[in-house]
Amino acid sequence: MKAVVLNPKNNQLEYQETAEPAISKSDVLIRLKAASLNHHELWSLKEKKLQSDTRIIMGSDGAGVVEQVGSGVTRFSPGDEVIINPSMNWGPDHRVQHADYEILGFPTNGTFAERISIPEEYVLTKPAHLSFEEAAAIPLAGLTAYRALFTRGEFEPGQSVLITGIGGGAALMALSFAVAAGASVYVTSGSDHKITKAIALGAKGGVNYKAPNWHEQLQALSGGFDVIIDSAGGPGFKYLTEIANPGARIVLFGRTAGMIQDISPRVIFWKQLSIHGTSMGTSQEFEQMLKLFSDRKIHPVIDAVYPLEQINEAFDRMDNSNQFGKIVMKITA
């Protein structure tokens with residue numbers, strides 16, 4: 001089959017022929033129709049942190065059609081349209097992942113390929129209202145956003161929500177979920193154009209974080225926030241504590257702006273703020289997230305669709321922060 005593999009000798013992604021995946025008793029063999037990119041993979045490539053003696057098929061997100069099932073599989077049959085949960089081996093504690101936890105795409109071969117064989121427990125029925133490209137855009141970003149907003153952020157209907165860095169996949173998923181759940185949502189971005197697009201998707205307003213007094217503008221617009229979802233960290237994180245309402249939850253799942261600096265402990269304890277880290281989520285949260293998509297007929301925002309052989313161009317687009325929504329790879333087996 002054709003696949004995109006990471007050559008460990010030069011840390012380059014290469015589109016080439018590779019072996020078909022083996023299928024065990026508990027596995028589902030899926031003919032992938034689409035996959036999508038994540039900053040998780042981009043950071044892994046840039047930091048050269050995927051160390052292996054063999055070539056790796058990366059990719060966490062995918063959707064396709066069941067081609068074959070192992071003898072022990074009971075929930076799926078050939079022809080079923082499915083989506084993959086890339087959050088593997090979470091473990092028994094819903095609060096935090098187990099030491100054996102992994103995200104599909106390393107060390108287990110991932111979705112940048114024509115086929116994948118994966119245990120049945122990580123396969124779910126594709127929401128019927130979504131195309132394969134839309135379904136492939138969901139898994140990692142959707143799960144991250146769902147856990148950030150509802151589990152860690154403890155969102156309640158009617159509360160105000162701030163989502164920083166709008167334009168990325170997880171941030172836009174969080175926007176869709178929050179709007180669907182009845183939140184008053186505001187956003188930040190370094191692009192006025194992206195803020196305008198977010199308002200068209202249901203945000204009440206937004207501020208360009210490149211403005212010197214961006215946090216004061218947000219405070220004036222909103223009156224403060226009950227839940228703040230941030231993927232940046234960096235020097236601007238301290239201002240999130242200042243515009244958080246008393247008792248607010250600030251949820252962090254990224255580090256694109258670097259190290260957090262100069263936070264006042266007094267602001268945190270006097271406002272009784274909760275600052276939560278989060279990453280991915282449980283199988284139960286994945287199922288709940290898909291149900292929200294189905295019940296509310298939510299469609300993920302797709303920025304661009306590339307053929308699988310142009311994956312390096314697709315990652316270049318992500319690296320340049322040009323995207324608004326998910327970048328999807330179309331796979332034609």
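1. Two strands count as paired here if DSSP finds at least two bridges between them. With that in hand, look at strand β1 (residues 2-7): 2 bridges join β1 to β4, and the two run antiparallel. One spot to check by eye is V5, which stands opposite I57 in β4. Keep in mind throughout that this is a predicted model.

2. Zooming out from that pair, β1 sits in an open sheet of 3 strands, ordered β2-β1-β4, with antiparallel pairing. The edges are taken by β2 and β4 (56-57), each of which pairs on one side only.

3. Next, the other antiparallel pair on my list. Strand β3 (residues 27-36) and β9 pair in the antiparallel sense, over 5 bridges. If you want a register marker, D27 has P119 in β9 as its bridge partner. As for β9 (residues 115-119) itself, 4 of its 5 residues are buried, so the strand is largely enclosed by the rest of the structure.

4. Now the parallel sheet. Here 6 strands make an open sheet with parallel pairing, and the order reads β13-β12-β11-β14-β15-β16. At the edges you find β13 (205-208) and β16 (274-277); each has a single partner strand, so one side of each is left without a neighbour in the sheet. From one strand to the next, the twist averages 15°.

5. Staying at the β13 edge: strand β12 (residues 184-189) runs parallel to β13, and 4 bridges join them. S189 is a handy place to start, with N208 in β13 as its bridge partner. Helix α5 (residues 192-200) packs on the sheet here, touching both β12 and β13, and its direction makes about 170° with that of β13.

6. On to the empty space, starting with the second largest pocket. Its volume comes to about 190 Å³. The lining consists of N11, Q12, L13, L42, L45, K46, N312, F315, D316 and D319. Three elements give two or more residues each to this lining: β2 (12-17), α1 (39-47) and α10 (311-319). The largest share, 4 residues, comes from α10. By class, the lining of this pocket is a mix of 4 nonpolar, 3 polar and 3 charged residues. Note that β2 turns up again here, having already appeared as an edge strand of the antiparallel sheet of 3 strands.

7. How many cavities of 30 Å³ or more does a search of the whole structure find? The count is 1. The largest cavity has a volume of about 60 Å³, and its lining is made up of G169, L172, M173, S176, H299, P300, V301, G325 and K326. Helix α4 (residues 169-180) gives the largest share of that lining, 4 residues. Sorted by class, the residues around the cavity are 4 nonpolar, 4 polar and 1 charged.

8. Last, a glycine worth clicking on. G142 lies in helix α3 (residues 139-152). Is G142 buried or exposed? Its relative accessibility is 0%, so G142 counts as buried, given that the cut-off for buried is under 20%. Leaving aside residues up to four places away in sequence, G142 touches M173, F177 and M289. M173 is also one of the residues lining the largest cavity. For a quick distance check along the chain, G142 and R152 are 10 residues apart, and their C-alpha atoms are separated by 14 Å.

Terms used. Residues are numbered from 1 along each chain as its sequence is written. This is a predicted model: local features need pLDDT of at least 70, side-chain atom pairs count only at pLDDT 80 or more; totals for chains, interfaces and linings use all residues. Side-chain values use heavy atoms; hydrogens and water are left out. Buried means under 20% relative accessible area, exposed over 50%, partly exposed in between (1.4 Å probe, protein chains only). Axes are lines fitted to C-alpha atoms, for helices over the stretch in contact, and angles run from 0 to 180 degrees between N-to-C directions. Contact means heavy atoms within 4.5 Å. On a 1 Å grid over the protein atoms alone, a cavity is a set of points where a 1.4 Å probe fits but cannot get out, and a pocket is an open set with protein on both sides within 12 Å along at least five of seven lines; lining residues have an atom within 4 Å of a point. Grid points are joined across faces, edges and corners, and a volume is the space filled by probe spheres set on the points. Ala, Val, Leu, Ile, Met, Phe, Trp, Tyr, Cys and Pro count as nonpolar, Asp, Glu, Lys and Arg as charged, and the others, Gly among them, as polar.
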